[in-house]
Amino acid sequence: MGLHWFAFRRYAAVLSLLALLCAATYWRSLGLPLISDDYLQIELGRKYGAISQWPDLAADALYRCRATSIVLTHWTEYWFGFDPLWLNLSSLLIHFGNCSLGFWRPIGFALSVPAACIFAFLQRPHEAVIWYAALPELLVFTFTMGALVAWIFHCNTHRWHWFGFSMA
């Protein structure tokens, strides 16, 4: 029991540190107003985000490549209303999730935790975090890293469900 509790506390401490670094870097962006491209993203979420509209989204050659961000925009507005704070917060939470994908045991905590911390507060991806219409870039990173992590788990464990996750 003690070893599992220690591992849990270590993960919780690193996640808390990553959350603190993300918040310290981007907290001021939560109060920013929307810009013109954000309104287009919201309109696309209203037009294509509902499940009944997904066939129309799949038929739209221009916007089907942004389907995940359009659906996420639809549900964010559905749950929290038309409020820039919640849209900006959802981008920040995805950035935090991306940072969290960066630390894990197979790489080694001595390398992966500092790298995840640097990614959390380094302002190079700031446009994708601050500008809501750049949500697809955050999601591309999310799905790419998720597929890579699942593929590595498949290679290490030879369990086929990890292979399925990596292909999905």
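1. Let's start with a term we'll need: a residue counts as exposed when its relative accessible area is over 50%, as buried when that area is under 20%, and as partly exposed in between. Keep in mind, too, that you're looking at a predicted model. Histidine 158 is a good place to try the term out: its relative accessible area is 60%, so it is exposed.

2. Stay with that histidine for a moment. Where does histidine 158 sit? Look in the loop between helix H8 (135-157) and helix H9 (160-167). Its backbone deserves a second look as well, since histidine 158 has a positive phi of about 60 degrees without being a glycine. For background, most residues other than glycine have a negative phi.

3. Now zoom out to the whole chain. How many helices and strands does the protein chain have? You'll find nine helices and zero strands, and reading along the sequence gives the pattern α-α-α-α-α-α-α-α-α. The C-alpha trace spans about 50 × 40 × 30 Å along its principal axes. Of the 168 residues in the chain, 34% are buried. If you take the contacts with a separation of 6 or more, 70% of them come from residues 24 or more positions apart.

4. Next, see how helices meet. Two packed helices are described by the angle between their axes and the distance between the axes. Try helix H2 (residues 36-48) with H4: their axes come within 8 Å and cross at roughly 90 degrees. Angles of 65 to 115 degrees count as roughly perpendicular, and H2 and H4 therefore fall into that class. On the H2 side you can pick out Gln41, Ile42, Leu44, Gly45, Arg46 and Tyr48, which meet Ser69, Ile70, Thr73, His74 and Glu77 in H4. Sorted by class, this contact has four nonpolar, five polar and two charged residues.

5. Here's another pair to set beside that one. Helix H5 (residues 84-100) packs with H8 at an angle of about 20 degrees, and the two axes are 10 Å apart. That angle makes H5 roughly parallel to H8, because the class takes in angles under 35 degrees. The crossing of these two helices is left-handed. Which residues of H5 and H8 meet? From H5 come Ser91, Ile94, His95 and Asn98, and from H8 come Leu135, Leu138, Leu139, Phe141 and Thr142. The contact of H5 with H8 divides into five nonpolar, four polar and no charged residues.

6. On to the aromatic rings. The structure holds nine aromatic pairs. One of them joins tryptophan 75 and tyrosine 78, edge-to-face, with 5.2 Å centre to centre and 80 degrees between the planes. These two residues are three apart in helix H4 (residues 67-80), which means about one helical turn separates them. Tryptophan 75 is partly exposed at 27% relative accessibility, while tyrosine 78 is exposed at 59%. Ring pairs also link Trp75, Tyr78 and Trp79 into a cluster.

7. One last pair to find: phenylalanine 80 with tryptophan 86. Are their planes stacked or edge-to-face? Phenylalanine 80 and tryptophan 86 are stacked, at 4.4 Å centre to centre with 10 degrees between the planes. As for exposure, phenylalanine 80 has a relative accessible area of 41%, so it counts as partly exposed. Tryptophan 86 is partly exposed too, at 31%.

Terms used: Residues numbered from 1 in each chain as written. Predicted model: local features only at pLDDT ≥ 70, side-chain atom pairs only at ≥ 80, totals over all residues. Heavy atoms only, no water. Helix = DSSP H or I, 4+ residues; strand = E, 2+ residues; numbered from the N terminus. Buried < 20%, exposed > 50% of the residue type's maximum accessible area, 1.4 Å probe, protein only. Phe/Tyr/Trp six-rings, centres within 6.5 Å; stacked < 30°, edge-to-face > 60°. Axes fitted to C-alpha atoms, helices over the stretch in contact; angles between N-to-C directions. Parallel < 35°, antiparallel > 145°, perpendicular 65-115°, else oblique. Left-handed = near helix turned anticlockwise from the far one by under 90°. Contact = heavy atoms within 4.5 Å. Nonpolar A, V, L, I, M, F, W, Y, C, P; charged D, E, K, R; others polar.
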